[in-house]
Structure formats: structure tokens, C-alpha cells
Amino acid sequence: MKFGIFYEISVPRPWDREAEKRVFDNCLEQVALADELGFDTVWAVEHHFLEEYSHCSAPEIFLTACAMRTKKMRVGHGIVVCVPEFNHPIKIAERTATLDIISGGRLEVGTGRSATWNELGGFRANPDETKKTWDEFVRCLPKMWTQERFSYQGRSWSMPERAIIPKPYQKPHPPMWVAVTSPGTEIDAAERGLGSLGLTFGSVKEQEEKIKNYRRIISTCEPVGEFVNDKVSTVNFLFCHEDTERGNKIGRRMLGTFNFLAAQLLAAREAYPTKSYPSLGLLPTLRREASGPADQAGVPEGIAIGDPERVLRACKRWEAVGVDRINFLLNALETVPQEDVLNSLRTFAKHVMPHFQDSSTQAAAAGGGR
Amino acid sequence: MPSSGTMDVEAFAPNVGEIHGYKTEEWKLKGAQILNVLYEVSNEPFPGLMPVTFHPVIPAYAILNVTHYPESPAGPFTIADVRVGCRAGVRPRGFTLKSYVSTAAAAQELTRRWGYPASVADVSMRAFHDRVVGRVKADGRTILEVEMLDRDFIGGNDIQYVSSMHLCRNREDGKLVVVQLDPEWTFTKAERGRPQLVKFDAKAWNGGDKLVPTWPISASYTIADATLSQIRYVSDPDKDAFKGTTQVAA
């Protein structure tokens, strides 16, 4: 089991001159500490127009800053929206390769297609087409990274032969992932040999079935890249505090805020009838998890909130059903004061991380508490 | 935090219907034809179109709905609604600003039983080979003409209607209240097409100069068996839905 951190970068109103800078600065401080503590990866989403909820519209720039402030932590560019109105595939290949070089080969590339009308409508993208363009993009990217020159005649895009440069530092190329939120996307991921990012919907039992299915299919996949990434990574929330009551209280407030904030956005399926979006996407999924059946402390099952013992139990449950990595959201709308976020990371590293065998984080975790 | 509605409900009150208590029987209505069109609308004045009960959805949008019921306890009728997209707590809803109904009998029953803000007008829906047209004429003027062009079949599972809520006055205690409607739909046919708004008079729909359609989102046309269910929840128009919602039926 490996642990990462995951950023939406939510900025509360009023958006005065300093508000956004303060949030970005806080995030970068957290990343630097997480690297010291032995967290494995920092992920940053790509979202556009999601007021207050996510101001992470240029994640490659944020992640470049993360790479500059860290030594070991991997940087997860994900998900990159694989829809031509958002990102041209050549630009994705170029900027990910550059980020891989700058980070010294620490890049992970998450792929996806957006699930809100805010974004799809804002870019005038056709929701019917996004799954198809995603499929084209993920098949092209490894070739653009590895072939000296590349040409392509496709459905949503084409190009004559050119050298797409630079090439990634990692050879043959960075690991690839896909955001798994819609039912059946875990099959799409497995068939293509892609890591499953955010397979977190349903009960633990339901999850277990989906992971088994993913593992069964990926064992005979035809990978789109040069290698298979068969890892399952989930998104969770983290607030860990030695004082049980305080841990639950602050954590619940973060959950509630996230839940409330994400709800105000417009899911693609809500606005536009299409087979392409059988579910509402990541935001309502996370929201559902954040408001699922709660234990005595009022914290939903499987959510990493509370004292170290409870957080450990939640992480162990995910490990038991086959999850390889958990990436944590640390805050929502800055409801958790920065010092509490930093202390939560320290407490987690000191009391929870050492309980996971084969974790690359273990050594660092032993000295994690300050 | 998300913004909340800023409507002055007392100023809006003359537009609302009078509900005769919350206990009503459900209506099962077969073969409803539903034209549902979504348009993005101007963001800035949008919160003024809903009580503080709600949070304006981002981006701001309106639902223009015309439904023909070929049979009902009040006889066949056609109803047109304009709703604004919002959230009650975390749940998606459409707040109905105004309804027009084709028959006086249906308008009276819908208001009495569910509190619809309904007036009688010439409301019609016509399906042509290349388009479906919904039209409302009131006082001799066309106040809504909306179309779905380029008809294309989809599955009923691809349709997701949001429940609607509206403001009404309860005759039993004289209080203004927000009533939630949760119709159930069983689709027998579903189509999607390109939306086109030919005519829209916002003032006639209680939108004043605040409701300005800007970008088309989607249009669908379905045939479904509908159940207008009992009223289950009502909300206080002066409180956030989290704090001011009451269950009134099991």
C-alpha cells in the first residue's frame, strides 16, 4: 500500500488578490511536508470553471512547482482531459514529457474525459464524443512519447509525420492511468492495461467485486502502452488527529463542506441526455461516499477521518479488498486551518503509515512525527 | 461557500397558487408526452429567482418544459413550466417560476392538490417529422415557443429529470411554503435533439428582466407513464433547505 495526496485546490470566496495565492502556497507547503514524511505521489486534477470547488485549471504548472519542491515524491498529472476542445493530444505529449524530464522521471499520467456540463459546455465539447476521443488519445500518447517521429490519421484528430519532442525521461514512458467513475470504465481500464484511478464507488463488497473483475481482465489485456500498469488507486479524505473528538469534528466539517460545494455544479448527465455518461461522475461519487452510512462518530464507512486507530482501520479495509494506493484530499475550501492539515499529515505518517508492509513510505514514516 | 437564493418571497407571493393542505392522492397519468429543453441563462441576476431555500446551480440554467397528458382525472390537458436550476441542500431541483395549463379544470386541480402556480392559457405541443414544438399563448400573445429539432432516438435510461419545487400558500394556515414534487416516470420512448428557443417572454414567466436565456444545452422528447405522487416534503421559504425542510407524508 502506498499513500498519496490529491489536489482539487478549492478557493473560498471572496477571491481577493491574495486568496488564490494563499491557497496555492498552502498546497505547496503541504506537498513539501508530505515528501519529507514519505507520501508517494501528489496528484493534481484538471478542472475548469468549477467556482470555489477547484481552481486547478493548469495542473502541469502546479505540478512543476511540486516537482521543484520535492525529492522523491512522484507527480500525478491527472486526470488530463482527453477531449480535443480541452487539450490537443500533441500538447499533452509535449507537456507531460517535459514535466517528466523536469521531475527527473517522477511523472504519472492520469487520463479521463470530464463529467460536468460546466466544463464540457464551457469548451463546447460534445458529450457523446468524449469516450471515443479519450480512447484515441490514450492509444496515441505512448506512441508519441516513444516513436522518434509520429504520424496519425484518426477519427477526432490527425497529423502528418513530425518529431514530437521532448521525449519522457522515464523509459519507455510514464505509467498511465484512467479515472474510473462510470460503471464499466474499470473494464475499459483493464482492457487497455491502464491503472485504475479512483475506483471508489459502492460498498466495500461491491468494490471488491470490481477490483477482482479489473484484475481478471487486465491479466490478459492488450496494453495501449509499452507496459501494463495494473495498480488500483482510490481517492479518500484525510484528517487524522490524536484527539478523537477533534479529529472527527474537523474531518466531518471538511466532508460536509466538500459535499455541499461539489453539489452546486452541474453534472453532464443532469444537463444532457446521453449514453456517454451513465453515471454522474467523480464529484457526485465522492459526494456519495462523503455522505454514506456513518459510524458512531458520524464518519462514513471507509473514510480516513478520526483518530489514528480509526484511520488505520479505514485504510486496512481498502487494502483488504485489493486497493494498492490511497490518495487523500486534505482540505475543502480551507475549512481546515493549514497548521491542522500539516499536523494531520504528520500524525498519519507517525501512527498509520508504519502499519503497512511493503510500503515505500515505511522508512520515512518511522521518523514522520515531529 | 455557494451563494443562496435572494428572492423576496413576499413580493413574489401574488404569483403563487393556494394549496388545500398537503394530503392529496397521487395521480397516475398514462402516455404523457414531455418536451424538456434546457438553456443556460445569465448568472448575475440568477439568485434573485429563487428563495433562500435554494442554491443557484453553476452554471445558471433554466428548464422549459411542456407536457401533454392525454388523460387525467381532470381530463386531457397540456402544461408548460419554466423552472430555474438549483440545489436544495445537495439535491438537484428545478424551482418553478410559473405554470400555464390548457384547461381550467386541470389548473384548478393542480393548484388545489399540489400548489402549482398555474394559470390558464393556450398551451400546445405538436410533434412533426423533423421537430417537436411547444407553444404557450396568453392574452393573445405568444409567451413561449420552444422546439426540439433533428429528432434522434435514445434510451429512456439516458433521461434524467430533476424534481421540481414551487412556492405556494397553504390555505390551512395561510403560510408561504415550498412544495416538493417527485413525479415518477416510466419511459416508453425517448428522443434527443437540438434545442431552439423561438420566443420567450421572461416577464410572463415571473422571470422579469433577470431570466435571460443565453446558450442552448439540450432538448429531449419522451413518452412516459407518469405518477404525480403525494407531497412528501415541504420547505420554509425563509430558511436553507437543510434547516427548514419537513416531511409531511410517509
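1. Strands S13 and S14 of chain B. In this predicted model, S13(B) pairs with strand S14 (residues 213–228) of chain B over 9 bridges, in the antiparallel sense. One facing pair can be named: Phe187(B) stands opposite Ala224(B) in S14(B).

2. Strands S10 and S13 of chain B. S13(B) spans residues 184–200 and also joins strand S10 (residues 141–154) of chain B. These two strands run antiparallel, and 9 bridges hold the pairing. Here Phe153(B) is set opposite Glu191(B) in S13(B). S13(B) is thus listed with two partners: S10(B) and S14(B).

3. The A–B contact. How many residues of chain B are in contact with chain A? The count is 21, and they meet 21 residues of chain A. S14(B) gives the most to chain B's side, with 3 residues. By class, that side has 13 nonpolar, 5 polar and 3 charged residues. S14(B) therefore deserves a look twice when viewing the model: it pairs with S13(B), and it contributes to the side that touches chain A.

4. Helix H2 of chain B. Which residues of H2(B), residues 104–114, are buried? They are Ala106(B), Ala107(B), Glu109(B), Leu110(B), Thr111(B), Arg113(B) and Trp114(B). Note that Glu109(B) and Arg113(B) are on that list. The buried residues pack against several strands of chain B: S1 (17–19), S5 (77–88), S6 (91–101), S7 (118–120), S12 (176–181) and S14. Gly115(B) follows the helix, and its phi is positive, near 80°.

5. Helices H1 and H12 of chain A. H1 covers residues 19–37 and H12 covers residues 338–351. Their axes come within 10 Å and cross at roughly 15°. An angle under 35 degrees counts as roughly parallel, so H1(A) is roughly parallel to H12(A). The crossing is right-handed. From H1(A), the contact uses Asn26(A), Gln30(A), Leu33(A), Ala34(A) and Leu37(A). From H12(A), it uses Gln338(A), Val341(A), Leu342(A), Leu345(A), Arg346(A) and Ala349(A). The contact residues divide into 7 nonpolar, 3 polar and 1 charged.

6. Helices H3 and H5 of chain A. H3 (residues 89–102) and H5 (residues 130–146) have axes that come within 10 Å and cross at roughly 50°. That angle makes H3(A) oblique to H5(A). H3(A) passes H5(A) in a right-handed crossing. Pro89(A), Ile92(A), Ala93(A) and Ala97(A) come from H3(A). They meet Phe137(A), Cys140(A), Leu141(A), Met144(A) and Trp145(A) in H5(A). By class, the contact has 9 nonpolar residues, no polar and no charged.

7. Phe137 of chain A. This residue is found in helix H5 of chain A. Is Phe137(A) buried or exposed? It counts as buried, because it has 26 C-beta neighbours inside 10 Å and the cut-off is 20 or more. Leaving out residues up to four places away in sequence, Phe137(A) touches Cys82(A), Pro89(A) and Thr111(A). Pro89(A) also appears among the H3(A) residues that meet H5(A). Arg253(A) lies elsewhere: 116 residues separate it from Phe137(A) along the chain, and their C-alpha atoms are separated by 39 Å.

Notes: Residues numbered from 1 in each chain as written. Chains lettered and ligands numbered in written order. Predicted model: local features only at pLDDT ≥ 70, side-chain atom pairs only at ≥ 80, totals over all residues. Pairing = 2+ DSSP bridges. Helix = DSSP H or I, 4+ residues; strand = E, 2+ residues; numbered from the N terminus. Axes fitted to C-alpha atoms, helices over the stretch in contact; angles between N-to-C directions. Parallel < 35°, antiparallel > 145°, perpendicular 65-115°, else oblique. Left-handed = near helix turned anticlockwise from the far one by under 90°. Contact = placed C-beta atoms within 7 Å. Nonpolar A, V, L, I, M, F, W, Y, C, P; charged D, E, K, R; others polar. Buried ≥ 20, exposed ≤ 12 C-beta atoms within 10 Å, placed from the backbone.
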